[in-house]
Amino acid sequence: MLRQLLLGGVVSLGNIAIHAVVMATVVGTARRALKWERRWPQVWLAAAMVATVGILMVAHVAEVGVWALAYAILDVAPPGADVLYFAFVNYATLGYGDVVPVERWRLLGPMAAMNGVLLFGWSTAVIFEVLRQAMRSRDQKG
């Protein structure tokens with residue numbers, strides 16, 4: 001069990017590092033972009049939000065890929081299972097149950113779910129921060 005917790009923790013920390021870099025980049029870029037002069041503030045706000053959410057989705061897919069890679073290396077999924085699908089189901093907490101981990105790695109699924117919930121929450125906070133910055137920028141200019 002300790003081995004599962006340690007390896008799951010390492011993968012989780014790797015994903016947290018990926019997410020931290022993406023989050024810092026998104027917030028910093030939004031701050032700079034929202035200072036630019038623009039003619040159509042509503043269109044600009046929509047574009048900023050679409051870009052923000054799109055980048056966050058790419059980050060989440062990359063993080064699922066990290067889990068899938070770990071599953072493949074450790075032989076977590078049963079033979080013939082699609083590890084990317086298995087990683088998505090765990091990370092997004094769908095819990096279909098159609099693919100279950102092999103007995104010796106059964107804690108990695110819940111750890112991936114915990115990691116996904118945490119990172120989805122963090123992404124939600126960043127989306128609201130970008131929106132807050134945009135609204136403040138609009139109010140100061142208008």
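# Close-up views of a predicted helical chain

Thr 93 is found in the loop between α3 and α4. Here helices (H or I, at least four residues) and strands (E, at least two) are DSSP runs, numbered from the N terminus. This is a predicted model, in which local features need pLDDT of at least 70 and side-chain atom pairs count only at pLDDT 80 or more, while totals for chains, interfaces and linings use all residues. Residues are numbered from 1 along each chain as its sequence is written, and side-chain values use heavy atoms, with hydrogens and water left out.

**View 1. Thr 93 and Asp 75 are loop residues with a positive phi.** Most residues other than glycine have a negative phi. Thr 93 comes just after α3, and its phi is near 60°. Asp 75 is not a glycine either, yet it has a positive phi of about 55°. Look for Asp 75 in the loop between α2 and α3. Asp 75 is partly exposed, with 49% relative accessibility, and Thr 93 is partly exposed too, at 44%. For these labels, buried means under 20% relative accessible area, exposed over 50%, and partly exposed in between (1.4 Å probe, protein chains only).

**View 2. Asp 82 caps the N-terminal end of helix α3.** A side-chain oxygen of Asp 82 lies 3.0 Å from the backbone nitrogen of Leu 84. This is a polar contact, meaning a pair of N or O atoms within 3.5 Å; within protein, one must be able to donate a hydrogen and the other to accept it, and residues adjacent in sequence count only if both atoms are side-chain atoms. Helix α3 covers residues 83-91. Its buried residues are Phe 86, Ala 87, Val 89, Asn 90 and Tyr 91.

**View 3. Asn 15 is a buried residue of helix α1.** How much relative accessible area does Asn 15 have? The value is 0%. A polar atom of the Asn 15 side chain lies 3.3 Å from the backbone oxygen of Glu 63. Leaving out residues up to four places away in sequence, Asn 15 touches Glu 63, Val 66, Trp 67, Asn 115 and Leu 119. Contact here means heavy atoms within 4.5 Å.

**View 4. Ile 55 in helix α2 is in contact with Val 22 and Val 26.** Those contacts set aside the neighbours of Ile 55 within four places in sequence. Helix α2 spans residues 41-74. Ile 55 is partly exposed, with a relative accessible area of 42%. Between Ile 55 and Val 27 the C-alpha to C-alpha distance is 11 Å, and they are 28 residues apart in sequence.

**View 5. Arg 31, Glu 129 and Arg 132 are linked in a network of salt bridges.** Side chains of opposite charge can pair when their charged atoms come close. A salt bridge is a side-chain nitrogen of Lys or Arg within 4 Å of a carboxyl oxygen of Asp or Glu. Between Arg 31 and Glu 129, the closest N and O atoms are 3.9 Å apart. This pair links distant parts of the chain, 98 residues apart: Arg 31 belongs to helix α1 (residues 2-33) and Glu 129 to helix α4 (residues 108-141). Glu 129 also meets Arg 132, at 2.7 Å from N to O. Those two both lie in helix α4, three residues apart, about one turn of the helix. Arg 31 is partly exposed at 46%, and so is Arg 132 at 40%.

**View 6. Glu 103 and Arg 106 meet in a salt bridge.** Their N to O distance is 2.6 Å. Glu 103 counts as exposed, at 56% relative accessibility. How many salt bridges does a search of the whole structure find? There are three.

**View 7. The largest pocket has a volume of about 230 Å³.** Of the 14 residues that line this pocket, the closest to its centre are Thr 29, Ala 30, Ala 33, Ala 48 and Ala 51. Helix α2 gives the most to the lining, with six residues. By class, the lining divides into 11 nonpolar, three polar and no charged residues. On a 1 Å grid over the protein atoms alone, a pocket is an open set of points where a 1.4 Å probe fits, with protein on both sides within 12 Å along at least five of seven lines; lining residues have an atom within 4 Å of a point. Grid points are joined across faces, edges and corners, and a volume is the space filled by probe spheres set on the points. Ala, Val, Leu, Ile, Met, Phe, Trp, Tyr, Cys and Pro count as nonpolar, Asp, Glu, Lys and Arg as charged, and the others, Gly among them, as polar.
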